[in-house]
Structure formats: C-alpha cells, structure tokens
Amino acid sequence: MNKFIFVSGGVCSSLGKGVAASSIGALLESRGLNVRMVKCDPYINVNAGTMSPFQHGEIYVTDDGAETDLDLGNYARFTKGRLSQANSITTGQVYESVIRKEREGQYQGRCVQVIPHITDEIKSRIIAVAKEENTTDVVIIEIGGTVGDIESIPFLEAARQMIHEYGRTNALSVHLTLIPEVAGGELKTKPTQHSVKSMQEMGIQPDILICRSPVMLDEPTSRKIAQFTNVDIDAVLTSPNIDTTIYQIPLVFSDQKLDQVLLRKMGVEIRHTDMSPWHSVMKLFSARKNLIRIGIVGNYMETHDTYTSLLEALFHASLECGVETELVKIDSSALETGDINAIFGDKAAGGSVDGILVSGGMVCNADMSEGGINSMVKAAAWARTNKKPYLGICLGMHAMIVDWARSALNWNDADSAEFSPNTKRAVVSSETIRLGAIESVNEDGTHIMAAYGEKKIIERHRHRYAFSNQYRDEMVKSGLKLAALTPNAETAGGTLVDCVEWPNEIHPWGVGVQFHPEFKSKPTAAAPLFKGFITAIKKKK
C-alpha cells in the first residue's frame, strides 16, 4: 500500500501545518499504519544549514547529518518513521539536480522546463521515500508556504499531477486555512472559501479542510464551509486554539474522527486505534506539581523557533519528572554588562533560578561576538559557584571548558579558537565538522552514565569546534571529568571528548555535552540527559 497525503496551507503562514501534518501521522500510526513524512520547502537554498535562525528558526539535524527545516523536528516528536536527507525537499535541491542532469545531457537536447522536468524531479523524490522501505503505507507531504505564493506553485502542480495519476483514493489533499474572528466574536469563513478557490484554480480539490479557529466550529458554520468548498461536511474539521500543549492536537483531531475520514477516503478498512500514548502525555501534563525555574542562555533568544527542539525536550523531561517549568530566557548579550544576580540570582524579579542551561550556537556562531561567548562563560561560572545544576549543549559545553580553565587552572588567557583565533591557549579548538549520529562511550560513575544507563550511546552532532586534547592531561589533573569519549584514531589521544562534568566534590550536577540530545527527545520518551538535568534540579530544590 502506497498512499499519499498532501498537506497545504492558505490565507496566511504560521497556521501550524507542521503540527497538523505530524498529528495526522500520529493518528494513522495509532491505526497500525506505517507512515513517512516529507517536507517540501519552496526556498532556493539547498538546505537550511546556512540560514539565519532569526529568519527560519532552528536547524534540525537527522541521523545521516542532513541539516533540515524545523518541521522535521515535529515529525520526529509526533511519529515513528525514519527521517533523513530524503525527507527534506527544497527548491534549491530540485533545480540543482535538474540543472546537473541537463549539463550531463540526460535530457537529450530537449528544452528543460518547469513542466515536466521540475515537477517530475519533485515527484520522483516523493515516490523514492515511499519506495525506500517496503513497509511504508502512507507518505504525508507538507508543502511549505501558502497557496498563491509563486514559490510553491511547482510543488502544488506536482501534487496535482500525483493526485491525477494515482487516483483520489491513493492521493489526498488536506488543506489548512484560517477562520478569523472579528469584533463581536463572529467567525468569518470567506478567507477559507477564497483559499479553497485558489486551490481549485491550481486544479486541486481539497478532500479535507482543517480550519484554524479560536474556537470549535459549530455545525451551521461547518455546513456553510462544506457547501461553498465542495468538501464533505464530516471532512471539515477544526484546529482550535488550545491552552495546554500541542500534544493535545492528535486527540482533538481524533475526537473529530479525522482518522476515520482519512481511512474511508483512502479506501482502507477501519481498524483498531490506540491513542493511549497521547492520553498518557495529557495525564502527565495535568499531574504536574511544583514549579522549577530554569535560566536559558542563548544567542538568538528573541525567536522561539530558534530553540524549538531544546524547549520541547525540557518540556518532555518536566512531564516525566512531574514538575512544571518556568523558562527564563536570556540573550547572551544581556550578560555582557548586566548584573547576573539581577537576572538569575536572588535580585531577579522572580527569584533565583533553580538551574542553568546554556545552548548551542546555531549557525556556526556567525553572529556571535567574543563578548557573547564570554557572557556564556559568565553564566557557567555563576552556575558552578552557586551550585546550580548546569547543562551545557555544544557551545554551552565550550563555555564550561573555558570557565574551568580560567578558574581552576588560572589560565586567564584561555579561550575558544572560534571567537579568538589568535588566543595563545585555545582550550576549544577547530576540528573536522561532525554532522549526524555518532557513537559516544560513557565513563562509569558519571552523571551522563547515570542518565542513559548504557555504556554506548548514539547522539547527533553539529559542530566544527571541540575540546582541545592538547590540554587534556592538565584539565583532568585539575579535577575536570571527561565523562564521554568518541574513539578516533586520527586524533591526538585517540579519542574526542563528547562530555565534561564538574567534580561531585564541588558541584551537585554540572554536565556539558558536544552533541545535541534535544533532537531525539519525544513527549512519550524524554531525552535521558534532559530528564537527568530536571531530576537534579528537583532533588536540589
């Protein structure tokens, strides 16, 4: 069985297509189907690796080292299907491939055009995902942008062709639109009608409408939308604003029988559903007690999407630990001249934070100044001296290393070569870029070993700078723990340092890791290191 579901959006952006597509995947998996997810991004960049987080949010990294759109993170958190480079399709990739084939003469002198060559390339990539595993039942394809955008037209045309070629039971269109509320609380359906009309002008009749609305649509409103859009009344669904968590959305859709509508339209017999994992998540959400405050330091804190996976990982861990977390977000620049005690300490408006997390640097830290890294070092030093549980991720681990070198070894000139290329004591130095899943070996008696409960772990990396083995012996003699290592015969010392920890004698829980454990965290299975961090905060408080 190979079925295709195309998820598009209308009226405006940021309606939640990624979460809607992910929730559809979760519903179909609850019915026993094997689902794969694909994101089609209309931008001309080949991938998201060089894009600014201010414009595009976080860069999600897959096991094979693909730097992708943040929506793949949603796919990973909601569904079980494997994600790789193949699951992220951009206009840049498509045109790059078509132009290469033209230069190689594969088109035999024909005029290369958007139709059929560009659309054929898009379709071939989608079909390749469907054929990659012979157990795949349904491929859900999210088309980025909004209907009417010039950039999205080739992808929508490819979707139209596949719906025509495979038939309406094998290829469906799910369209997400906005139902705005005007003065007096009246819901307006006209934007949705126009959005569907734009889809119809593209040659696509939506099979299902998901209406983003402040409240659940009543029956007369749903019937009106169905009448003006040629969509079945039971296929007009609401995605209401919710005040709990996005992980309630699969349950909201299930209550409206979206999964049954999908199965009927795809010609698949109705089978038993198991939504218990999502009910369990909501049960944990309701059972949370007590409040902990976590200070998060990063260099792009103005934009929530920049740290989506990290923030979600903290939320997942708080669910499993039964606590509610208040996040105190601080841009690293605020610590350059500000009083850290007025931000994180007893002088802060909400009182002292209970733990500190220093995040990664995102775009190879192209926007980071030397002052920015020193601010992160300042945050690490404050957590160390005040004995607050500390988790440093990638750049956050580097801050921890620099602070230790300056404080424990009195190397005032210790720095990272990334921000001070001419420093005489680069305790963080450059290495070959590491991307994707890499094995680390945990040392016994460490916090990371306690968190994972396993000697060997596999986590995803994205970095060009790392702990400098040149200073390894002196660092260890001074008390810093090297808690996880990656075997590497080409490196001095034979290993790369993937985790450092402050000694237990001076600190209750201080861990820095080179990798990004947030990428593998799920609401149904919190990342072990984040759970260890929250547990340490809870225990100390």
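In this predicted model, strand 15 (residues 390–393) runs parallel to strand 21, and 4 bridges join the pair. Within this pairing, Tyr390 is found opposite Gly510 of strand 21. Strand 21 also pairs with strand 20 (residues 495–501), here in the antiparallel sense and over 3 bridges. On that side, Cys499 stands opposite Val513 of strand 21. The two faces of strand 21 (residues 510–513) are likewise accounted for: Gly510 and Gly512 point to one side, Val511 and Val513 to the other, and all of these residues are buried, leaving both faces covered.

Turning to another part of the model, an open sheet is built from 7 strands in the order 5-2-6-1-7-10-11, with parallel pairing. Its edges are formed by strand 5 (88–90) and strand 11 (236–240), each of which pairs on one side only. From one strand to its neighbour, the turn averages 20° when direction is ignored. At the strand 11 edge, strand 10 (residues 208–213) runs parallel to strand 11 and is joined to it by 5 bridges. There, Arg212 sits opposite Ser239 of strand 11.

Helices lie across several of these strands. Helix 4 (residues 91–103) lies across strand 2 (35–41) and strand 5, and its direction makes an angle of about 70° with strand 5. Helix 7, in turn, lies across strand 1 (3–9), strand 7 (171–178) and strand 10, running at about 145° to strand 7.

Helix 7 has a helical partner as well. Helix 7 (residues 190–201) packs with helix 8 (residues 219–229) at an angle of about 25°, and the two axes are 10 Å apart. Angles under 35 degrees count as roughly parallel, so helix 7 is roughly parallel to helix 8. The crossing of these two helices is right-handed. Helix 7 contributes Thr192, Gln193, Val196 and Gln200 to the contact, while helix 8 contributes Lys224, Ile225, Phe228 and Thr229. By residue class, this contact of helix 7 with helix 8 comprises 3 nonpolar, 4 polar and 1 charged.

Helix 7 thus appears in two settings: lying across strands 1, 7 and 10, and packing with helix 8. Strand 10 likewise takes part in two of the arrangements described here, being bridged to strand 11 and crossed by helix 7.

Methods:
Residues numbered from 1 in each chain as written. Predicted model: local features only at pLDDT ≥ 70, side-chain atom pairs only at ≥ 80, totals over all residues. Heavy atoms only, no water. Axes fitted to C-alpha atoms, helices over the stretch in contact; angles between N-to-C directions. Helix = DSSP H or I, 4+ residues; strand = E, 2+ residues; numbered from the N terminus. Parallel < 35°, antiparallel > 145°, perpendicular 65-115°, else oblique. Left-handed = near helix turned anticlockwise from the far one by under 90°. Contact = heavy atoms within 4.5 Å. Nonpolar A, V, L, I, M, F, W, Y, C, P; charged D, E, K, R; others polar. Pairing = 2+ DSSP bridges. Buried < 20%, exposed > 50% of the residue type's maximum accessible area, 1.4 Å probe, protein only.
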